[in-house]
Amino acid sequence: YSTDPFLANISAFTSSAQVAASCRIVDLDVANNLETVHGRLYLQTTDNTNPAMRITQLGTGPCFVVEDAGTPDGTSFSIDADGGVGIKISSATFGGPLSVSGSGANNVSAFQGWGNDANGPVISGYKVRATSPYSHALVQNADVMFRLGGWGSDGVVYRQGAVIQMLVDGVAAAGDMPGRIEFWTTPAASVTPVLRLNLKQGGALRFIPQTTPATAEAGDVYYDSGTNKLRCYNGTIWNDLF
(Lines give C-alpha, C1' and ligand atoms only; values in the text may rest on other atoms or scores of the structure.)
Protein backbone atom coordinates (compact mmCIF):
# COMPACT_ATOMS: atom_id res chain seq x y z
CA TYR A 1 0.00 0.00 0.00
CA SER A 2 1.09 3.58 -0.57
CA THR A 3 0.19 6.63 1.49
CA ASP A 4 1.06 8.86 -1.48
CA PRO A 5 -1.84 8.87 -4.00
CA PHE A 6 0.56 9.72 -6.83
CA LEU A 7 2.86 6.73 -6.36
CA ALA A 8 0.40 3.93 -7.05
CA ASN A 9 -2.88 3.22 -8.82
CA ILE A 10 -4.39 1.90 -5.61
CA SER A 11 -3.76 3.82 -2.41
CA ALA A 12 -4.62 3.34 1.25
CA PHE A 13 -4.86 6.44 3.43
CA THR A 14 -4.49 6.68 7.19
CA SER A 15 -5.47 10.33 7.59
CA SER A 16 -7.58 12.89 5.75
CA ALA A 17 -4.47 15.02 5.14
CA GLN A 18 -3.19 12.36 2.75
CA VAL A 19 -6.30 12.49 0.59
CA ALA A 20 -6.39 14.68 -2.51
CA ALA A 21 -8.70 17.70 -2.43
CA SER A 22 -11.11 16.09 -4.92
CA CYS A 23 -11.48 12.91 -2.88
CA ARG A 24 -13.17 12.28 0.45
CA ILE A 25 -12.99 9.14 2.57
CA VAL A 26 -15.32 8.91 5.55
CA ASP A 27 -15.23 6.51 8.53
CA LEU A 28 -11.74 5.16 7.97
CA ASP A 29 -11.38 1.73 9.50
CA VAL A 30 -8.09 -0.12 9.87
CA ALA A 31 -9.99 -3.39 9.35
CA ASN A 32 -10.83 -2.32 5.78
CA ASN A 33 -8.28 -2.68 3.00
CA LEU A 34 -7.95 -2.51 -0.76
CA GLU A 35 -5.81 -4.90 -2.73
CA THR A 36 -5.24 -5.89 -6.34
CA VAL A 37 -4.92 -9.46 -7.53
CA HIS A 38 -4.04 -10.06 -11.20
CA GLY A 39 -5.24 -6.55 -12.08
CA ARG A 40 -8.57 -6.85 -10.25
CA LEU A 41 -9.65 -4.64 -7.39
CA TYR A 42 -10.96 -6.24 -4.21
CA LEU A 43 -12.53 -4.44 -1.26
CA GLN A 44 -12.45 -6.44 1.94
CA THR A 45 -13.92 -5.63 5.33
CA THR A 46 -14.57 -7.37 8.62
CA ASP A 47 -16.85 -4.61 9.89
CA ASN A 48 -20.34 -6.06 10.39
CA THR A 49 -21.93 -2.70 11.18
CA ASN A 50 -20.84 -0.16 8.56
CA PRO A 51 -21.01 -0.42 4.75
CA ALA A 52 -17.96 -1.86 3.03
CA MET A 53 -18.16 1.02 0.55
CA ARG A 54 -20.09 4.29 0.52
CA ILE A 55 -20.24 6.57 -2.53
CA THR A 56 -21.73 10.03 -1.97
CA GLN A 57 -22.47 12.25 -4.95
CA LEU A 58 -22.38 15.90 -3.87
CA GLY A 59 -23.10 17.15 -7.39
CA THR A 60 -25.75 16.26 -9.98
CA GLY A 61 -24.09 13.44 -11.95
CA PRO A 62 -24.51 9.68 -11.45
CA CYS A 63 -23.31 8.20 -8.17
CA PHE A 64 -21.76 5.19 -9.88
CA VAL A 65 -21.05 4.30 -13.51
CA VAL A 66 -19.57 1.21 -15.16
CA GLU A 67 -18.84 1.61 -18.87
CA ASP A 68 -17.09 -0.17 -21.70
CA ALA A 69 -13.62 1.23 -22.36
CA GLY A 70 -14.22 0.70 -26.09
CA THR A 71 -17.27 2.96 -25.99
CA PRO A 72 -16.65 5.92 -23.64
CA ASP A 73 -19.87 7.04 -21.93
CA GLY A 74 -21.69 4.04 -23.40
CA THR A 75 -23.08 3.27 -19.97
CA SER A 76 -23.71 -0.38 -19.23
CA PHE A 77 -24.53 0.08 -15.53
CA SER A 78 -25.28 3.24 -13.55
CA ILE A 79 -26.77 4.46 -10.28
CA ASP A 80 -28.08 8.01 -10.35
CA ALA A 81 -28.28 10.59 -7.58
CA ASP A 82 -31.77 9.42 -6.59
CA GLY A 83 -30.78 5.76 -6.35
CA GLY A 84 -32.25 4.76 -9.71
CA VAL A 85 -30.44 1.87 -11.40
CA GLY A 86 -29.88 1.66 -15.14
CA ILE A 87 -28.62 -1.45 -16.96
CA LYS A 88 -27.41 -0.74 -20.51
CA ILE A 89 -29.37 2.53 -20.32
CA SER A 90 -29.85 5.61 -18.12
CA SER A 91 -32.05 4.81 -15.14
CA ALA A 92 -34.14 7.91 -15.85
CA THR A 93 -35.05 6.86 -19.42
CA PHE A 94 -38.30 5.10 -18.51
CA GLY A 95 -38.98 6.99 -15.29
CA GLY A 96 -38.66 4.02 -12.91
CA PRO A 97 -36.23 3.04 -10.13
CA LEU A 98 -34.91 0.28 -12.40
CA SER A 99 -34.48 0.60 -16.18
CA VAL A 100 -33.15 -2.23 -18.35
CA SER A 101 -32.49 -2.07 -22.10
CA GLY A 102 -31.42 -4.63 -24.67
CA SER A 103 -31.93 -5.89 -28.22
CA GLY A 104 -32.68 -9.21 -29.86
CA ALA A 105 -35.32 -11.88 -29.28
CA ASN A 106 -34.44 -12.76 -25.70
CA ASN A 107 -32.75 -9.56 -24.74
CA VAL A 108 -33.68 -7.97 -21.43
CA SER A 109 -34.22 -10.23 -18.44
CA ALA A 110 -33.89 -13.90 -17.61
CA PHE A 111 -34.90 -15.62 -14.37
CA GLN A 112 -33.77 -19.07 -13.30
CA GLY A 113 -35.04 -21.21 -10.48
CA TRP A 114 -32.72 -23.94 -9.20
CA GLY A 115 -32.97 -26.63 -6.55
CA ASN A 116 -34.15 -30.23 -6.31
CA ASP A 117 -37.78 -29.19 -5.88
CA ALA A 118 -40.81 -28.00 -7.84
CA ASN A 119 -40.21 -24.29 -7.29
CA GLY A 120 -39.47 -21.90 -10.15
CA PRO A 121 -38.73 -18.19 -10.67
CA VAL A 122 -41.15 -15.77 -9.01
CA ILE A 123 -41.94 -12.13 -9.80
CA SER A 124 -43.91 -10.53 -6.98
CA GLY A 125 -45.56 -7.18 -6.37
CA TYR A 126 -46.16 -5.85 -2.85
CA LYS A 127 -48.62 -3.09 -1.98
CA VAL A 128 -48.87 -1.34 1.40
CA ARG A 129 -50.67 1.90 2.30
CA ALA A 130 -47.96 2.92 4.77
CA THR A 131 -45.73 5.92 4.07
CA SER A 132 -42.62 3.75 4.51
CA PRO A 133 -41.64 0.43 2.87
CA TYR A 134 -40.60 -0.84 6.29
CA SER A 135 -44.04 -0.77 7.96
CA HIS A 136 -47.58 -2.08 7.34
CA ALA A 137 -50.93 -0.39 6.69
CA LEU A 138 -54.05 -2.18 5.44
CA VAL A 139 -54.78 -2.00 1.70
CA GLN A 140 -58.23 -1.05 0.39
CA ASN A 141 -60.60 -2.39 -2.25
CA ALA A 142 -59.35 -1.77 -5.82
CA ASP A 143 -55.77 -1.01 -4.74
CA VAL A 144 -53.36 -2.20 -7.44
CA MET A 145 -51.00 -4.83 -6.01
CA PHE A 146 -49.09 -5.52 -9.24
CA ARG A 147 -49.24 -4.32 -12.85
CA LEU A 148 -47.64 -5.44 -16.12
CA GLY A 149 -47.84 -2.97 -18.98
CA GLY A 150 -46.83 -3.24 -22.63
CA TRP A 151 -45.72 -0.05 -24.36
CA GLY A 152 -44.88 0.60 -28.03
CA SER A 153 -43.47 3.65 -29.78
CA ASP A 154 -45.86 5.48 -32.11
CA GLY A 155 -42.86 7.14 -33.75
CA VAL A 156 -42.91 10.05 -31.32
CA VAL A 157 -43.62 8.76 -27.80
CA TYR A 158 -44.37 5.45 -26.10
CA ARG A 159 -48.06 4.43 -25.95
CA GLN A 160 -49.59 1.72 -23.80
CA GLY A 161 -51.07 -1.17 -25.77
CA ALA A 162 -52.03 -3.69 -23.07
CA VAL A 163 -52.18 -4.13 -19.29
CA ILE A 164 -52.49 -7.04 -16.89
CA GLN A 165 -53.03 -5.96 -13.31
CA MET A 166 -53.82 -7.56 -9.96
CA LEU A 167 -56.02 -5.67 -7.51
CA VAL A 168 -57.59 -6.05 -4.09
CA ASP A 169 -61.12 -7.37 -4.77
CA GLY A 170 -63.14 -6.59 -1.67
CA VAL A 171 -62.47 -5.71 1.94
CA ALA A 172 -59.06 -6.89 3.14
CA ALA A 173 -58.27 -7.71 6.75
CA ALA A 174 -55.71 -9.59 8.82
CA GLY A 175 -55.45 -13.07 7.28
CA ASP A 176 -57.80 -12.05 4.43
CA MET A 177 -56.59 -10.73 1.05
CA PRO A 178 -59.19 -11.11 -1.76
CA GLY A 179 -57.81 -10.34 -5.20
CA ARG A 180 -58.72 -10.18 -8.89
CA ILE A 181 -56.86 -10.10 -12.21
CA GLU A 182 -57.82 -7.64 -14.94
CA PHE A 183 -56.90 -7.75 -18.63
CA TRP A 184 -56.90 -4.50 -20.60
CA THR A 185 -56.22 -3.88 -24.31
CA THR A 186 -56.06 -0.69 -26.37
CA PRO A 187 -58.40 -0.70 -29.39
CA ALA A 188 -57.37 0.46 -32.86
CA ALA A 189 -57.24 4.26 -33.38
CA SER A 190 -56.84 4.81 -29.64
CA VAL A 191 -54.10 5.17 -27.03
CA THR A 192 -56.27 4.31 -24.01
CA PRO A 193 -56.46 0.72 -22.68
CA VAL A 194 -59.97 -0.64 -22.05
CA LEU A 195 -60.91 -3.31 -19.49
CA ARG A 196 -61.84 -6.53 -21.35
CA LEU A 197 -61.74 -9.44 -18.92
CA ASN A 198 -61.91 -9.81 -15.15
CA LEU A 199 -61.03 -12.93 -13.12
CA LYS A 200 -62.71 -12.22 -9.78
CA GLN A 201 -61.75 -13.31 -6.27
CA GLY A 202 -64.46 -15.99 -6.19
CA GLY A 203 -63.25 -17.60 -9.43
CA ALA A 204 -65.92 -16.13 -11.74
CA LEU A 205 -64.67 -14.98 -15.14
CA ARG A 206 -66.40 -11.77 -16.30
CA PHE A 207 -66.40 -10.71 -19.95
CA ILE A 208 -66.89 -6.93 -20.00
CA PRO A 209 -70.03 -6.19 -22.11
CA GLN A 210 -69.32 -4.70 -25.53
CA THR A 211 -70.74 -4.30 -29.02
CA THR A 212 -69.99 -6.78 -31.81
CA PRO A 213 -66.24 -6.64 -32.59
CA ALA A 214 -65.41 -5.09 -35.99
CA THR A 215 -63.07 -7.97 -36.84
CA ALA A 216 -63.24 -11.56 -35.65
CA GLU A 217 -61.59 -14.97 -35.94
CA ALA A 218 -63.08 -18.41 -35.40
CA GLY A 219 -63.23 -19.10 -31.68
CA ASP A 220 -63.61 -15.48 -30.56
CA VAL A 221 -66.02 -15.03 -27.63
CA TYR A 222 -67.55 -11.84 -26.19
CA TYR A 223 -70.51 -10.73 -24.09
CA ASP A 224 -72.92 -8.64 -26.18
CA SER A 225 -74.08 -5.47 -24.42
CA GLY A 226 -77.17 -5.15 -26.61
CA THR A 227 -78.57 -8.69 -26.40
CA ASN A 228 -77.05 -9.61 -23.01
CA LYS A 229 -75.80 -12.88 -24.48
CA LEU A 230 -72.43 -14.59 -24.63
CA ARG A 231 -71.58 -15.03 -28.31
CA CYS A 232 -68.98 -17.08 -30.22
CA TYR A 233 -67.72 -16.63 -33.79
CA ASN A 234 -67.45 -19.84 -35.86
CA GLY A 235 -65.49 -18.27 -38.69
CA THR A 236 -68.60 -17.17 -40.60
CA ILE A 237 -71.26 -15.89 -38.19
CA TRP A 238 -71.73 -15.07 -34.53
CA ASN A 239 -73.69 -17.67 -32.52
CA ASP A 240 -75.36 -17.17 -29.15
CA LEU A 241 -73.95 -19.50 -26.50
CA PHE A 242 -76.98 -19.04 -24.27
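In what follows, a strand is a DSSP run of E with at least two residues, and strands are numbered from the N terminus. With that in mind, leucine 43 is found in strand β2, which covers residues 40-44. I should say at once that the structure before you is a predicted model.

Let me begin with the chain as a whole. It has 14 strands and zero helices. Read along the sequence, the pattern is therefore β repeated from beginning to end, β-β-β-β-β-β-β-β-β-β-β-β-β-β, where each strand is a DSSP run. The chain has 242 residues, of which 14% are buried. About 17,900 Å² of the chain is exposed, and carbon and sulfur atoms supply 54% of that area. Among contacts with a separation of 6 or more, 12% are between residues 24 or more positions apart.

I return now to leucine 43. Is leucine 43 buried, exposed or partly exposed? Its relative accessibility is 34%, so leucine 43 counts as partly exposed. Leucine 43 also belongs to a nonpolar surface patch, together with Met53, Ile55, Phe64 and Val66. The area of this patch is about 400 Å².

Next, the sheets. In general, the strands of a sheet pair through backbone hydrogen bonds, in either a parallel or an antiparallel manner.

One open sheet is built from five strands, in the order β7-β8-β9-β10-β11, with antiparallel pairing. Which strands stand at the edges of this sheet? They are β7 and β11, the latter spanning 205-207; each has a single partner strand, so one side of each is left without a neighbour in the sheet. From one strand to the next, the twist averages 20°. At the β11 end, strand β10, residues 194-199, runs antiparallel to β11 and is joined to it by three bridges. Within this pairing, leucine 197 has phenylalanine 207 in β11 as its bridge partner.

A further open sheet has three strands, ordered β12-β13-β14, and its pairing is also antiparallel. Its edge strands are β12 (221-224) and β14 (238-240), each of which pairs on one side only. Neighbouring strands here are turned by 35° against each other on average, with direction ignored. Between β12 and β13, the latter comprising residues 229-233, there are four bridges in the antiparallel sense. Aspartate 224 stands opposite lysine 229 in β13.

Aspartate 224 leads us to the charged pairs. As a general matter, side chains of opposite charge can pair when their charged atoms come close. How many salt bridges does a search of the whole structure find? It finds six. I shall describe three pairs and then a network.

Aspartate 224 forms a salt bridge with arginine 231, and the closest N and O atoms are 3.9 Å apart. This satisfies the cut-off, because a salt bridge requires the nitrogen to lie within 4 Å of the carboxyl oxygen. Are the two partners buried or exposed? Arginine 231 has a relative accessibility of 17% and so counts as buried. Aspartate 224, at 7%, is likewise counted as buried. The limit in use here is under 20% relative accessible area. There is also a network, in which salt bridges with shared partners join Asp169, Arg180 and Glu182.

Another pair is aspartate 143 with arginine 129, whose side chains meet in a salt bridge of 2.7 Å, N to O. The two residues are 14 residues apart, and each lies in the loop between β6 (98-100) and β7 (144-153). Aspartate 143 is buried, with a relative accessible area of 7%, whereas arginine 129 is partly exposed, with 40%.

The remaining pair I wish to show is arginine 159 with aspartate 154, where the closest N and O atoms are 3.0 Å apart. Arginine 159 is partly exposed, with a relative accessible area of 38%. Aspartate 154 also counts as partly exposed, at 42% relative accessibility.

Finally, I turn to a loop. Where is glycine 95 placed? It is in the loop between β5 (85-87) and β6. Glycine 95 counts as exposed, because its relative accessibility is 69% and the exposed class begins over 50%. Glycine 95 and glycine 84 are 11 residues apart in sequence, and their C-alpha atoms are 9.0 Å apart in space.

Key:
Residues numbered from 1 in each chain as written. Predicted model: local features only at pLDDT ≥ 70, side-chain atom pairs only at ≥ 80, totals over all residues. Heavy atoms only, no water. Buried < 20%, exposed > 50% of the residue type's maximum accessible area, 1.4 Å probe, protein only. Contact = heavy atoms within 4.5 Å. Areas by Shrake-Rupley, 256 points an atom, 1.4 Å probe, with all protein chains shown as cover. Patch = residues over 30% accessible without salt bridge, like charges linked within 9 Å, V, L, I, M, F, W, Y side chains within 5 Å. Pairing = 2+ DSSP bridges. Axes fitted to C-alpha atoms, helices over the stretch in contact; angles between N-to-C directions.
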